[in-house]
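These are my notebook entries on a structure that I looked up chain by chain. I record each look-up in the order in which I made it.

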Amino acid sequence: MTDVFFYIFATAALAGALGVVFSRNTVSGAMCLIGTFLSMASLFVLLEAYFLAVIQVLVYAGAVMVLFLFIIMLLDVKETAAKKASIYTWAASLIGFGILITGVFAISAAVSIKNKAPTMPEASGTSLKAFGYELFTTYLLPMQVTGFLLLIAMIGVIVLSKKVNTE
Amino acid sequence: MPIVIKRRPLNFLEKLYLPEIARGLSTTFKKIWEKPVTLEYPEQRPTIPEGYRGVPTLVKDPEGREKCVSCQLCEFVCPPKAIRIKPGEIPENSEYAHVEKGPQEFEIDMLRCIYCGMCQEVCPEEAIWLQNQFSLSGYSREELVNNKEDLYELGGTLPDEHFKWRKKKEAAEHGSGH
Amino acid sequence: MDVNPVILKFVYAATVVSVIMGLCSYAVLAERKISSWIQGRVGPNRTSLPLIGGIPLIGKFLTRLGIYQPVPDGLKFLFKEDVVPAHVNKFYFIMAPVIALVPALTTVVVVPFGRFVTEAGEVIPLVLANVNVGLLFLFAISSLGVYGVVLAGWSSNSKYPFLGGIRASAQMISYELAMGVSVLPILIWVNAPGREGTLNLFDIAQAQSGFWFAMWMPVSAIIFLVCLFAETNRLPFDMAESETELVSGFHTEYSSFKFGLFFVGEYAHMVVGSCVFTLLFLGGWNPMPFVTLEALGFGEGILGAILSVGIFSGKMCGMMFFFMWIRWTLPRFRYDQVMKLGWKILLPLSIANLVVYTIFIFYLDTKL
């Protein structure tokens, strides 16, 4: 049963991702991205990482993508006709594809993925409290750094968007 | 001199907004328990005030005589030209033969009528009255043209104090002119 | 008798969804009745069913109350002409009402509506899916509802719906933050050291056997309530619709059944919102502060379960009444006022509230 669901959602996630790349209409692209996020959340649910799944939907599908759509609609981006790809585009996509292939091979060749995890880790959402505890003890530094990065980004946006008095 | 009304600045509680919302809520809550001000129309009818200008009708006097003498003043004065009158004669053998004229046909097109009441105003015989009828409907245009029978049916009989034509007849017979 | 659990879940889900749909249709009736009472009118009182309406006294009374009104109201949506304007983006135009309704009905899954105590004293929640992250799940799914509105506005390819969609998305982003932060004190209290950690709505409701959260966290309750109004797009925050400025906002181009879906979606959101507020702040199925059903002697068995569902529905209906009462009392905010209220007042207030209660709860937990 779980396997069937895995294949359904994995296909949906991939299809959504391809949709983002190939759709001419920007709103369609955004909707495909939302579809991908939702499918990813479903995959998290299959892994019993409920908290992660819910956060995925809440933050990405529920908040970030609303902002994306808001901006797409405000800018009123028209459907673009197919452009002839320049040499740089080809080079960039080739390099990107190479990196992707390397990554896939590296991951599938790794030993740890071949051995099943002995038990479900305790913090993976079965106990939310444990999750929070881990976040504020073991992973305190990464979390603070991430938070700080976001703060910097926010201040940057405020500085950029604030009108400078030229007098 | 323009009138300047001094607006009191909002005090702290009003600025908080929530107490004012509570006040509004209490007002509407009280309203819930009040009796509705509306009428349930087809069953409950509004009381028509005196002098109401409803559908124009033709009336008879208490003796049962049609008061209209088809002078056609109303037809001429009617702004939307809703009235059509075909004058006719009153037969010799009638009690009111001395009135000479009466309407043969009298039509008011209610699709044109604007309820201005000028016909009533102008009528020298007080024969056309805008009464308390206000609801008029029909399925075709023809239905909404009131002919003479309809008009008399709607109008009925109104009390008359003058009996002008009876007095005229008496005057003619007894030779006492006004 | 063994029934396939999957089929059983389907049956449960169908039951709950049909109950919600029924509630929605009667919420529409309640809305019409309450608006008419507040405005000094009578409201729908003519619709009658053959047979039932003919019963002397009761039939007449129910007709006057408008009990049968939802039937023609619903049928009207089905039988009106379904116009799809030529200038719309057909795919998203048809998808939008569905996207608006589905999240509203999905959130119902995690909302507990009562509890059942077995003779062994075990408390079983009456809920479709008793998930640990219930509250977050609810926030997550209900935040997806805005896509219905935004897509409807965009795909209609016309000015006013578009403005409605834009406003809806901006408003949703602004108020979701304050809403999330305002419930954090509750979560901190429920998850304080020494307690079983949970985001489960059932456990949050059960935790209110003493003080209800609305009593000792009034600021949280008020912020949450205001945000709830904004998130359900109800007056005074119906920026997306605002029929006096934007014709009728995002659903201007919609007719018939598609409009009906939006309509039901709005009321379903309201029902779920009322449920959540009841669970979080009004003590769930506890009849009074400091009085639980167990204390009144109705703990165990079917009777206790029915009473708990009854009390919960009573509170929920009270909240629904409050929603409508507010709607017919307050005028709509101006759009910039909505944004100002969200970002400059509610968000800082909710953060300050969070800080104060964090310190307070820390003090309660360690010193007492």
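I began with the order of elements in chain B, which reads α-α-β-α-β-β-α-β-β-α-α from the N terminus. In total I listed six helices and five strands for chain B. Helices (H or I, at least four residues) and strands (E, at least two) are DSSP runs, numbered from the N terminus.

I note that this is a predicted model, in which local features need pLDDT of at least 70, side-chain atom pairs count only at pLDDT 80 or more, and totals for chains, interfaces and linings use all residues. Residues are numbered from 1 along each chain as its sequence is written, while chains are lettered from A and ligands numbered from 1 in the order in which they are written.

**Chain B, overall form**

I looked up the radius of gyration of chain B and found 27 Å, against a value near 16 Å for a compact globule of 178 residues. The radius is taken over C-alpha atoms, and the globule rule is 2.2 Å times the number of residues to the power 0.38. Along the principal axes, the C-alpha atoms of chain B fill a box of roughly 90 × 50 × 30 Å.

I then checked burial: 17% of the 178 residues of chain B count as buried. A residue is buried if 20 or more other C-beta atoms lie within 10 Å of its own, exposed if 12 or fewer, and partly exposed in between, with C-beta atoms placed from the backbone.

For contacts, the criterion is that the C-beta atoms of two residues, placed from the backbone, lie within 7 Å. Of the contacts in chain B with a separation of 6 or more, 70% join residues 24 or more positions apart.

**Chain pairs**

Which chains have the most contacts among the two pairs that touch? I found that these are chains A and C. Chain A and chain B do not touch, and their nearest C-alpha atoms are 29 Å apart.

The contact between chains A and C takes 18 residues from chain A and 23 residues from chain C. On the side of chain A, the elements that give two or more residues are α3 (50–75) and α6 (128–136). The largest share of that side, 14 residues, comes from α3(A). By class, I recorded 15 nonpolar, two polar and one charged residues on the side of chain A. In this scheme Ala, Val, Leu, Ile, Met, Phe, Trp, Tyr, Cys and Pro count as nonpolar, Asp, Glu, Lys and Arg as charged, and the others, Gly among them, as polar.

Chain B gives eleven residues to its contact with chain C, which gives nine. The side of chain B there has five nonpolar, three polar and three charged residues.

**Domains of chain C**

I read the domain assignment of chain C as domain 1 (1–79) and domain 2 (83–367); such bounds come from an automatic or database domain assignment. The centres of the two domains, taken over C-alpha atoms, are 23 Å apart. In the contact between them, 17 residues of domain 1 meet 17 residues of domain 2. On the side of domain 1, α1 (5–38) and α4 (70–79) of chain C each give two or more residues. Of these elements, α1(C) supplies the largest share, 15 residues. The side of domain 1 divides into 15 nonpolar, one polar and one charged residues.

**Helix packing in chain C**

How are α1(C) and α12(C) set to each other? I found an angle of about 105 degrees between α1(C) and helix α12 (residues 256–281) of chain C, with their axes 9 Å apart. The two helices are therefore roughly perpendicular to each other. Axes are lines fitted to C-alpha atoms, for helices over the stretch in contact, and angles run from 0 to 180 degrees between N-to-C directions; 65 to 115 degrees counts as roughly perpendicular. Among the residues in this contact are C:I20 and C:M21 of α1(C) and C:V264 and C:Y267 of α12(C). By class, the contact has eleven nonpolar, no polar and no charged residues.

**Single residues**

I looked up B:Q72, which lies in the loop between β1 (56–58) and α3 (73–77) of chain B. Phi of B:Q72 is near 70 degrees, a positive value in a residue other than glycine. B:Q72 counts as partly exposed because 16 other C-beta atoms lie within 10 Å.

In chain C, I found C:N157 in the loop between α7 (146–155) and α8 (159–190). Phi of C:N157 is near 55 degrees, again positive in a residue other than glycine.

Technical notes. Angles under 35 degrees count as roughly parallel, over 145 as roughly antiparallel, 65 to 115 as roughly perpendicular and the rest as oblique.
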